[in-house]
Amino acid sequence: MLNEGAFYGYKKLESVKLPEGLRIIDQQCFSGCESLSEISLSESLDVVGADAFLTCNLQYNVFENGNYLGNKNNKYLVLISTVETDFDVFGIHESIKIIAACAFTECRELTSVNVPKSVRFIENYAFLICPQVTSISYGGTVAEWEAIEKDDYWYGELTNLTVNCSDGTLEVNQAE
């Protein structure tokens, strides 16, 4: 685990290759590392905390409208953010494992997200300030959706969300 703020403000840090076996990058771990432009994430990574890379100058792997981080084997391990916020439907890359905290912040026109079966973790406030989101199309079954680890407030302020799975539908509300 890389603890909260572990490298906070290291202005000369330019690149990082994280070791296999690393499971957690805590919040603000690399925040303020303004020279950090390259990072190779561990395949074993499960969690990327909020603002882990805030103000870094990372070169994201872009797929459609998403900014992803990964490694040489999978460039799309973690969806960090969107390139722009003015769109209504979003398709996540099929190789993703983690939807990072605040990944869809202020995507005010977003109504639907296609989430592949490969997702293993959805972090807090992934859908922060996305008032129009009403549906998620998930590439797996209801049981597989329920097996995804989700932070308590992964859905942000969403109150009327339907998750459409291959074998059924779930309603998500703040009591989940």
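Strand β9 (residues 98-99) and strand β11 (residues 121-122) pair in the parallel sense over two bridges, where strands are DSSP runs of E of at least two residues, numbered from the N terminus, and two strands pair if DSSP finds at least two bridges between them. Within this pairing, Ile-98 stands opposite Phe-121 of β11. The model is predicted, so that local features need pLDDT of at least 70 and side-chain atom pairs count only at pLDDT 80 or more, while totals for chains, interfaces and linings use all residues. Residues are numbered from 1 along each chain as its sequence is written, and side-chain values use heavy atoms, with hydrogens and water left out.

Both β9 and β11 belong to an open sheet of six strands, in the order β5-β6-β7-β9-β11-β13, in which the pairing is mixed. The edges of this sheet are formed by β5 (61-63) and β13, each of which pairs on one side only.

At the β5 edge, β5 and β6 pair in the antiparallel sense over three bridges, and Phe-63 has Gly-66 of β6 as its bridge partner. These two strands form a hairpin with two residues between them, and Glu-64, in the turn, has a positive phi of about 50°. Strand β6 (residues 66-69) is covered on both faces, since Gly-66 and Tyr-68 on one side and Asn-67 and Leu-69 on the other are all buried, a term that denotes under 20% relative accessible area, as opposed to exposed, over 50%, and partly exposed, in between (1.4 Å probe, protein chains only). Strand β6 is also joined by four bridges to strand β7 (residues 78-82), the two running antiparallel, and here the bridge partner of Gly-66 is Thr-82 in β7.

Two loop residues were examined individually. Ser-42, in the loop between β3 (38-40) and β4 (47-48), counts as buried because its relative accessibility is 1%. A polar atom of the Ser-42 side chain lies 3.4 Å from the backbone oxygen of Pro-19. When residues up to four places away in sequence are not counted, Ser-42 touches Leu-18, Pro-19, Glu-20, Gly-21, Leu-22, Asn-71 and Leu-77, contact being defined as heavy atoms within 4.5 Å.

Asp-152, by contrast, is found in the loop between β13 (149-150) and β14 (161-165), and counts as exposed because its relative accessibility is 61%. Asp-152 is separated from Ala-6 by 146 residues in sequence and by 24 Å in space, C-alpha to C-alpha.

Conventions. A polar contact is a pair of N or O atoms within 3.5 Å; within protein, one must be able to donate a hydrogen and the other to accept it, and residues adjacent in sequence count only if both atoms are side-chain atoms.
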